[in-house]
Amino acid sequence: MSATASALVHTEGEANTSVARGIWNARVSDERTTSLVTRDADAFLHQSLSSPCLTAIAKAEGIWIEDTAGRRYMDFHGNSVHHIGYGHPRLKQAIKAQIDDLCFAPRRFTCEPAVELAETLGRLAPGDLGKVLFTTGGSDAIEVALRLARAATGRFKTLSFWDAFHGAGFGASSVGGEATFRSGIAGPLLPGAEHVAPWANRHCAYGQDTLEASARACASMVSYVLAREGDFAALVAEPMRATPNPPAPGFWKQVRAACDRHGTLLIFDEIPTGLGKTGRFFACEHDDVVPDILVLGKALGGGILPIAGVVARRDLDVAGDYAIGHYTHEKNPVTTRAALTTISIIIEEGLAERAVELGAYAMERLSAFGERCEAIGDVRGRGLLFGVEIVRDRADFAPDNALAERAYYRCLEAGLSLKISGGNVMTLSPPLVITRQELDRALTIVEQSILAG
């Protein structure tokens with residue numbers, strides 16, 4: 001039995017079944033690489049955006065990944081795990097020492113690294129966010145947040161945005177709004193998972209032609225929907241859409257006020273954008289808004305180990321009689337030590353501040369390039385998460401998905417790995433440890449890949 005998804009449009013990343021991917025595959029001549037990719041395709045279940053794979057990686061260090069043919073790529077994707085780069089020496093040493101000291105703690109027992117990590121996140125988080133639960137991945141952390149919202153409010157409905165990604169589990173897919181993860185075989189999804197269109201500075205679903213006007217219309221729609229039924233447990237959203245798309249000033253304050261009026265909890269998903277990526281330790285700090293529940297993941301494990309977490313208001317600790325996240329590795333000493341060390345590296349090496357400095361430089365350079373290049377519709381982002389929107393022309397800013405994909409593969413050929421978001425946005429997420437020289441080299445590759453047409 002199979003599912004047909006020929007009409008499904010994948011916008012979360014580049015397609016692994018396109019003509020351009022076929023051309024890339026045909027050019028890979030290294031026998032070791034083709035052999036491993038073929039073995040992978042034979043061994044793993046196939047899925048969009050994943051297997052069959054692009055190539056085979058043999059080494060990851062700093063900002064670089066290297067394939068089995070010896071080709072090196074600056075990694076400006078990294079699944080958003082590589083804030084401190086790959087294989088940070090201090091992190092590797094901390095993990096090795098922790099393995100020798102205490103390698104595992106069974107559930108129902110605690111250990112020093114887990115408690116210290118929970119306390120650290122409680123100190124760093126804004127407002128009264130101070131109660132924590134850990135999982136091994138962001139999808140599971142979203143599930144924990146949803147269960148906690150139900151327990152705290154006695155409600156089950158959620159409101160979130162179309163085109164958002166919050167994970168691949170049934171609950172996370174339900175509140176997500178990306179077709180690849182919620183269409184066809186994904187259904188039926190959770191009941192009560194309602195959606196509204198997000199803000200946008202191009203092709204706004206609310207018919208607006210500026211980011212500010214779109215944000216006002218979006219906030220009004222959120223307020224309308226919350227009031228319409230009055231029984232939503234939570235609004236789930238990224239404080240900055242990782243496509244990337246920052247909100248207009250004041251947007252989240254309007255939404256926060258609407259949530260407060262209707263007794264709806266605000267859950268911020270900072271899995272890709274937290275921990276300094278946008279220039280603040282938490283992305284929501286840009287907008288001076290404190291959520292009720294904040295979700296972290298990806299980079300929390302330092303690009304080595306999987307760990308994610310939920311940080312909630314202290315007064316939301318109301319589910320003690322239920323299992324809301326009963327995970328085997330909930331208090332794993334090795335993963336929590338990795339997270340503690342990662343946080344220390346980000347703070348002590350000033351990586352959030354570095355994201356501000358280098359991000360401003362990159363945005364200025366790409367914006368100047370965009371003024372000269374008709375294929376650039378917009379350059380947007382925060383810190384070291386920014387995107388270049390590829391369009392056919394500036395008359396109507398119609399997306400040019402084909403050019404975006406061609407540019408993507410040219411970047412790979414030139415030694416730069418990135419991600420395509422929304423079908424036509426070249427999304428660049430470099431590690432926070434990147435040098436100015438390396439960043440310049442990558443931006444030159446991006447510019448040349450677009451100019452090649």
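## A walk through the fold, starting at valine 310

Valine 310 counts as buried, at 2% relative accessibility. In this predicted model, that residue is a handy place to begin. Valine 310 sits in strand β10, which covers residues 308-313. Leaving aside residues up to four places away in sequence, its contacts are Lys131, Val132, Leu133, Ala141, Val144, Ala145, Ile293, Leu294 and Val295. One of these partners, lysine 131, is 179 residues away along the chain, yet the C-alpha atoms of lysine 131 and valine 310 are separated by 8.0 Å.

Let us step back to the whole protein. Of the contacts with a separation of 6 or more, 72% join residues 24 or more positions apart. Burial can be viewed at this scale too: buried residues make up 55% of the 453 residues.

The secondary structure comes to 13 helices and 15 strands. The radius of gyration is 21 Å, close to the 22 Å that the globule rule gives for 453 residues, so the protein is as compact as a globular protein of that length. If you turn the model along its principal axes, the C-alpha trace spans about 60 × 60 × 55 Å.

Now for the cysteines. How many disulfides does the structure hold? The count is 0. A disulfide is a covalent bond between the sulfur atoms of two cysteines. To be counted here, a pair of cysteine sulfur atoms has to lie within 2.5 Å. Take cysteine 284: the closest cysteine sulfur belongs to cysteine 259 and is 13 Å away, so the two are too far apart for a bond. Cysteine 284 is itself buried, with a relative accessible area of 1%. Cysteine 411 can be followed in the same manner. Its closest cysteine sulfur is in cysteine 373, and because 13 Å lies between the two sulfurs, they are too far apart for a bond. Cysteine 411 is buried as well, with a relative accessible area of 0%.

Our last stop is the empty space inside. A search of the whole structure finds 1 cavity of 30 Å³ or more, and the volume of the largest cavity is about 30 Å³. Which residues line the largest cavity? You can pick them out as Phe161, Ala164, His166, Pro198, Ala237, Glu238 and Arg241. By character, this lining divides into 4 nonpolar residues, 1 polar residue and 2 charged residues. Phe161, Ala164, Pro198 and Ala237 are the nonpolar members, His166 is the polar one, and Glu238 and Arg241 carry the charged label.

Technical notes. Residues are numbered from 1 along each chain as its sequence is written. This is a predicted model: local features need pLDDT of at least 70, side-chain atom pairs count only at pLDDT 80 or more; totals for chains, interfaces and linings use all residues. Side-chain values use heavy atoms; hydrogens and water are left out. On a 1 Å grid over the protein atoms alone, a cavity is a set of points where a 1.4 Å probe fits but cannot get out, and a pocket is an open set with protein on both sides within 12 Å along at least five of seven lines; lining residues have an atom within 4 Å of a point. Grid points are joined across faces, edges and corners, and a volume is the space filled by probe spheres set on the points. Buried means under 20% relative accessible area, exposed over 50%, partly exposed in between (1.4 Å probe, protein chains only). Helices (H or I, at least four residues) and strands (E, at least two) are DSSP runs, numbered from the N terminus. Contact means heavy atoms within 4.5 Å. The radius of gyration is taken over C-alpha atoms; the globule rule is 2.2 Å times the number of residues to the power 0.38.
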